[in-house]
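Please examine the sequence and the model below before reading on. The paragraphs that follow lead from a local feature to the chain as a whole and then to a single residue.

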Amino acid sequence: LPRPAGRATPRLTLPSHDGPAWSLAAARGQVVLLNFWASWCEPCIDELPSLERLAQRHAGNGLLVQAVNHREGDTAIERFLARRPTTLAILRDRDGTAARAWGVNVFPTTVVIRRDGRAAFSVVGEADWSGDPAHTWVTALL
């Protein structure tokens, strides 16, 4: 879905699961994919490996993929990572404020942000991020 004309891109600063806080403003100059997910969401779980492959494939081209966990505690995230390890950075949206600000109502939802820090479009629902359509979407911004 294209970003509605005139809709501002929200600011975003979230704590990471295992490190310092992360800010969208600090990532300016990179293409950023914010993937809103939860460990109870089967389509989210199915989508994460293709997001990880995409991140690895384009890391040298300025692509950054951030997995924004929706309203889960440390125990749930640790349990998930024990079953499904990932190299993606996990950000914590502890109370759902970020999801609301970004208009996320369906999980997974991925918001793609241009190098200038403005949101370009969203993908609502599970996508194959290693497939041709996603490759076209992302490389157009890289």
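In this predicted model, Cys41 and Cys44 are joined by a disulfide, with an S to S distance of 2.3 Å. That separation satisfies the criterion applied here, under which the two cysteine sulfur atoms must lie within 2.5 Å. A disulfide is a covalent bond between the sulfur atoms of two cysteines. A search of the whole structure finds one such bond. The torsion about the S-S bond of Cys41 and Cys44 is about 80°, and the disulfide is therefore right-handed.

Are the two cysteines buried or exposed? Residues count as buried when their relative accessible area is under 20%. Cys41 has a relative accessible area of 4% and is therefore buried. For Cys44 the value is 0%, so this residue is buried as well.

The setting of this bond may now be considered at the level of the chain. Its secondary structure consists of four helices and seven strands. Read from the N terminus, the order of these elements is β-β-β-α-β-α-β-α-β-β-α. Along the principal axes, the C-alpha trace extends over about 35 × 30 × 25 Å. For 142 residues, a compact globule would be expected to have a radius of gyration near 14 Å; the chain has 14 Å, which agrees with that expectation. Of the 142 residues, 49% are buried. Contacts can also be sorted by separation in sequence: among those between residues at least 6 apart, 66% join residues at least 24 apart.

The surface and the charges complete this overview. The accessible surface of the chain amounts to about 7100 Å², and carbon and sulfur atoms account for 52% of that area. There are 16 positive and 14 negative side chains in the chain, and 8 Å separates the centres of the two sets.

A single residue, Val124, serves as a last example. Val124 belongs to strand S7, which covers residues 119-124. Its relative accessible area is 43%, so Val124 is classed as partly exposed. Which residues does Val124 contact, leaving aside its neighbours within four places in sequence? The contacts are with Leu1, Val106, Pro108 and Thr109. Another relation concerns Phe36: Val124 and Phe36 are 88 residues apart along the chain, and their C-alpha atoms are separated by 9.8 Å.

Terms used: Residues numbered from 1 in each chain as written. Predicted model: local features only at pLDDT ≥ 70, side-chain atom pairs only at ≥ 80, totals over all residues. Heavy atoms only, no water. Buried < 20%, exposed > 50% of the residue type's maximum accessible area, 1.4 Å probe, protein only. Helix = DSSP H or I, 4+ residues; strand = E, 2+ residues; numbered from the N terminus. Rg over C-alpha atoms; globule rule 2.2 N^0.38 Å. Contact = heavy atoms within 4.5 Å. Areas by Shrake-Rupley, 256 points an atom, 1.4 Å probe, with all protein chains shown as cover. Lys, Arg positive; Asp, Glu negative; His and termini not counted. Charge placed at Lys NZ, Arg CZ, Asp CG, Glu CD.
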